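Q: I've got a protein model open and I'm not sure how to read it. Can you walk me through some features?

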Amino acid sequence: KFAIPNIISNITVPLLGFVDMALMGHLNSPVYIGAISLGTVIFNLIYWSLGFLRMSTSGLTAQASGRKNYEQAAKVLTRALFVALSAGILILFFRNIISSVGFSLLDGSPEVKHEAELYFAIRVYAAPASIALFALSGWFLGMHNARIPMVIAILLNVFNIIFSVLFVRVLGYKSEGVAIGTVIAQYLGLALYIFFLIKKFPELLKHINLKGIRPVSELKSFISVSGDIFFRTLCIILVFTWFTSESASKGNTVLAVNSLFREFLMFFSFLMDGFAYAAEPIVGGAIGAGKHKNLRPIISRIFKWGMGLTLITSLVYGLLGYNIMTLLTNQQAILDVAKPYLIYIALIPLACFASFLWDG
């Protein structure tokens, strides 16, 4: 009931990444794939470091819901949105500094960096909406409503794909076309969440006000819970940033290959996070209701499903990895470099599935 809507919601994100890479991969140079990859690294540094908003909001909301304390659940959303919008405004204010420092730390050819900076300069305007979406999706999941995040994730990414294809294939933009499509889609997604919040939880709206952020102790508690998740995310960010930078230092083709390989990892991670996201409200609700004995069977079921899906994904990657690569790019030089390393793509799910499940 919880996992399937979450899986559907989640896989729309890497599918969008596949589409973006395919749009760039069918242009006449590996530079555009590399540009999207470098630009994405900067946004990963920003957004992944703020991903605690979704996870901590989901857990704290689920505990409040488990206690039937819906006023507290509304206050959790108020605090999460306050942090999200504050962060979004700060990112816009310091966008030029973030860009200059970020790209100075990353390796890459001048052509790749130029395109990546264009991509960043446009996409950064989606920051307030993108971060607010973390808070809102986490809150709906904490309220045991996975259907609305699923519907919005599907619509948001369909919008994103449509606008990206329009700007790149029809209007002739390159990496900046993908960025424009992302900005439009993110604000449409935010509007949809506000619509469903008003429609589904009208009785809670009276509790969503600035009074919810006044108790300093409760705001500190929210940030404290988020701190551990932030540190965990920082470790992941450092690995991805280093790996992309090292790839860029070895040339545009290697950067393009590893950028495409990363999409396989992202697809699996979002797929597996469907079970992790399902675990959050169930575990949080059990803890909130004081039913700790329910945790062991919950964990057991999540791991059984997770291991089954992992084996299927590894098999598909092993048998169809090259075919999937040909959908992402028609540049033979990229495909030739990628081919000897496809075996590692098949091993990725086996290596990392447990970390995603324990996250939840």
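Q: Let's start with a helix pair. At roughly what angle do the axes of helix α7 and helix α8 cross?

A: Keep in mind that this is a predicted model. To read a helix pair, look at how near the axes come and at the angle between them. Here, α7 (residues 127-142) and α8 (residues 147-170) have axes that come within 9 Å and cross at roughly 145°.

Q: Which residues of α7 and α8 meet?

A: On the α7 side they are Leu133, Ser137, Phe140 and Leu141, and on the α8 side Ile148, Pro149 and Leu156. Sorted by class, that contact has six nonpolar residues, one polar and no charged ones.

Q: What about the nonpolar core: how many residues does the largest one have, and which have the most contacts inside it?

A: A core is read as a set of buried nonpolar residues whose side chains touch. The largest one here has 58 residues, and Leu38, Ile46, Ile131, Trp139 and Phe140 have the most contacts inside it. Among the elements that give two or more residues to this core are α2 (31-49), α3 (52-66), α7 and α8. There's also a second, separate core of 40 residues, which includes Phe2, Ile7, Leu260 and Phe261.

Q: Pick one of those residues. What does Ile46 touch?

A: Leaving out residues up to four places away in sequence, Ile46 touches Ile91, Ile98 and Phe120.

Q: Now pockets. What is the volume of the second largest pocket, and which residues are closest to its centre?

A: For a pocket, check its volume, then its lining. The second largest pocket has a volume of about 520 Å³. It is lined by 22 residues, and Phe243, Ser247, Asn258, Phe261 and Arg262 are the closest to its centre.

Q: Where does the largest share of that lining come from, and how does the lining divide by class?

A: The largest share, eight residues, comes from α11. Helices α10 (216-249), α11 (252-288) and α14 (342-359) each supply at least two residues. By class, the lining has 14 nonpolar, five polar and three charged residues.

Q: Last one: is Arg301 buried or exposed?

A: Here you compare the relative accessible area with a cut-off: exposed means over 50%. Arg301, in helix α12 (residues 295-328), has 51%, so Arg301 is exposed. Arg301 and Phe275 are 26 residues apart in sequence, and their C-alpha atoms are 9.8 Å apart in space.

Q: And how does Ile194 count?

A: Ile194 is in helix α9. Its relative accessibility is 42%, so Ile194 counts as partly exposed.

Note on methods
Residues numbered from 1 in each chain as written. Predicted model: local features only at pLDDT ≥ 70, side-chain atom pairs only at ≥ 80, totals over all residues. Heavy atoms only, no water. Axes fitted to C-alpha atoms, helices over the stretch in contact; angles between N-to-C directions. Helix = DSSP H or I, 4+ residues; strand = E, 2+ residues; numbered from the N terminus. Contact = heavy atoms within 4.5 Å. Nonpolar A, V, L, I, M, F, W, Y, C, P; charged D, E, K, R; others polar. 1 Å grid on protein atoms, 1.4 Å probe; cavity = no way out; pocket = protein on both sides within 12 Å on 5 of 7 lines; lining within 4 Å. Points joined across faces, edges and corners; volume = space filled by probe spheres on them. Core = buried A, V, L, I, M, F, W, Y, C linked by side-chain atoms within 4.5 Å. Buried < 20%, exposed > 50% of the residue type's maximum accessible area, 1.4 Å probe, protein only.
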